[in-house]
Amino acid sequence: MARLSEWALPYSPYFAEFIGTFFIVFIAGLLLVSDSDFVGNQIWRPSGISFATIAAISATSAVSGSHLNPAVSLAFGLTRKMFWPRVWAYVIIQVLAGIVALAAVRVMMNRPLPIVEPKAFYSLLDASLVEGIYSAVYCFVALNCMGSLENNPRCKRNQFFALATGLVIVAGGHPATEVSGGFLNPAITISCVVVGNSGQEIGRAMLLAGAQALGALAAAVLFFLCRPEEIVALGVGVREGAGCSRICSAVNALNFCSKRKPRAAEEEEEEDSHSDDDADVESPSAQKYRPSLPARIVSEFVGTYVVVLTFGLCAVSTNRAAYTATKTELALATLNAEFKSAAAPDDAVGVSRPRADMANEVVSTPYSTGAAVLSLTYALASVSGAQFNPAVTLADMLCSRDPYVWAEAPTRILTQALAGIAAAVTYMFVSRGQSEAVPEYLPRLGPGTDFSWTTVNMGEMVFTMALAYVILCMTTISSPRYPKASSTSSFDFGLAVGFTYMAGGWILQRISGGMM
């Protein structure tokens, strides 16, 4: 056994990646089989994949770094967190694990695998755009939570990396399922075509996998823009000046084919490795580090954009389900009146199904948006405080906890407003097919059925106050429990923020839409 252990030790990261990816793709395959009535309900499919991802990341982190997704491995290679030979080895192993997993699903279930194609009213461009955006979000959160220096001080690695990364599947799974099928993983996308033996899907699958790979590239650029200290640690240097100069610095820091880190950075890291770890964590530079204003602005833009986009895409699905249910009920009522058989059991069954579908969609909007808030709060709290909401920024300004906040707040609010507009343009472009078919699908401001503006205003005010209060308490006050962790106030702060949004969203969804 000792000899076997010595032989297997160099290959243990690859075994871990294979097992972890197999577990995720196997569960995803079981939940994505074409017969939706056979395995679970569609509302819980992203949750099942997300929970499997959280478990697999937690189990394999100490062995392989828990990428479990070719896009994540590419992002880590581009940001010089991993050598390219290992990156390509990881990608090949992850794709092979996906193929084996879906082959096992096909044998076990004896049912067809999901078809790689856009859903009704959506084009291949829409599907590629959504897959690329949420793959970028997944890689971006993984880089910030598992790879950033600020979120992982020496001897004090954060404990939320698996939760934050896995819940991105909940955030992107519901809107992406409505548009493209919600694969969000090149290993699943490619494996569906290989195991499904459908030659017609190869082109679509390669395009979606390419969009997911481009999402990894976008995530690497945004990672360097939000965390310029990572570029400095690489010894590349950050250009001061306008936004174009900083973007050029971020692109220049990307690694497409060379070593993981420049030689100067590696030599400096070797010298620092002999210093005392606790002293490094408690050093004044680590405690007083403050990201630059451009980095904080980019952080707020990215977070607000993703949150609003997730809300908008889910709201379109909600309105579609409500509109479809209403039309079905009217049709059944007309049919009942014609045949004078309102108590017929078949009619009752026909009415109940759209109501259940509508309830599921109503659940998904606060659930997905809250998961997006939770994941991005963990990823970006150490950069900008992860406010993503003008009301929260205003509350932070009025508290005056930060000496810079009064001067910075107007810029933040403007950035959040621009990010919201950009997200609205994106989800309206993606949903243009549905809006042309049925204009009622697009979300609208106003009170819901049987509710007044008084109810709307009171509900929005109370839950916005609750959200701002929780964020201020969790992200602006140092935690005595973890005094040495410079980048986090407490390890449950993201859960508190995300759960507050979910609670308010579920209550306000039928009253005002749950904008908060």
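# Buried charges, a greasy patch and some odd phi values

Okay, let me start with R296, which counts as buried because its relative accessibility is 7%. Buried here is under 20% relative accessible area, exposed is over 50%, and partly exposed is in between, with a 1.4 Å probe and protein chains only.

Before I go on, the housekeeping. What you're looking at is a predicted model, where local features need pLDDT of at least 70 and side-chain atom pairs count only at pLDDT 80 or more, while totals for chains, interfaces and linings use all residues. Residues are numbered from 1 along each chain as its sequence is written, and side-chain values use heavy atoms, with hydrogens and water left out.

Back to R296, then. Which side chain does R296 meet in a salt bridge? That would be E408, at 2.7 Å from N to O. R296 sits in helix α16 (residues 293-339) and E408 in helix α19 (residues 405-430), so this contact ties together parts that are 112 residues apart in sequence. By salt bridge I mean a side-chain nitrogen of Lys or Arg within 4 Å of a carboxyl oxygen of Asp or Glu. My helices are DSSP runs of H or I, at least four residues, and strands would be E runs of at least two, numbered from the N terminus.

E408 is buried too, with 5% relative accessible area. E408 also has a salt bridge to R412, 2.6 Å from N to O. R412 and E408 are both in helix α19, and because they are four residues apart, about one helical turn separates them. In general, an α-helix has 3.6 residues a turn, so residues three or four places apart point the same way. And R412? Buried or exposed? Buried, at 6% relative accessibility. Put E300 into the picture and you get a salt-bridge network linking R296, E300, E408 and R412.

How many salt bridges does a search of the whole structure find? Five. One more pair to look at is R227 with E229, where the closest N and O atoms are 3.8 Å apart. Both of those residues are buried as well.

Next, the surface. Y11, F15, F18, I19, I92, L96 and V100 make up a nonpolar patch of about 660 Å². The elements giving it two or more residues are α2 (12-31) and α5. For the record, patch residues have over 30% relative accessible area and no salt bridge; nonpolar side chains (Val, Leu, Ile, Met, Phe, Trp, Tyr) are joined within 5 Å, like charges within 9 Å. The areas are Shrake-Rupley with a 1.4 Å probe, and for residues only the protein chains shown count as cover. Take I92 from that patch: it belongs to helix α5, and with 52% relative accessibility it counts as exposed.

While we're on α5, a quick geometry check. At 1.5 Å a residue, its 26 residues (84-109) should span 38 Å, and the end C-alpha atoms are 37 Å apart, which agrees. That expected span is 1.5 Å times one less than the number of residues. Right after α5 comes N110, with a positive phi near 55°.

That brings me to backbone oddities. Most residues other than glycine have a negative phi. S66 isn't a glycine, yet its phi is near 55°. You'll find S66 in the loop between α3 (45-64) and α4 (70-78), and S66 counts as buried because its relative accessible area is 0%. L184 is another non-glycine with a positive phi, about 55°. It's in the loop between α8 (168-179) and α9 (186-196), buried at 5%.

Now the holes. The whole-structure search gives two cavities of 30 Å³ or more. The largest cavity holds about 90 Å³ of space. It is lined by 13 residues, and the closest to its centre are I24, I49, T53, I169 and N185.

Last stop, helix α22 (residues 493-508), where I507 lies. I507 is partly exposed at 46%. Its C-alpha is 8.6 Å from that of G459, 48 residues away along the chain. In the segment after α22 there's R510, partly exposed at 44%. R510 and D450 are 60 residues apart in sequence, with 9.6 Å from C-alpha to C-alpha.

Conventions
On a 1 Å grid over the protein atoms alone, a cavity is a set of points where a 1.4 Å probe fits but cannot get out, and a pocket is an open set with protein on both sides within 12 Å along at least five of seven lines; lining residues have an atom within 4 Å of a point. Grid points are joined across faces, edges and corners, and a volume is the space filled by probe spheres set on the points.
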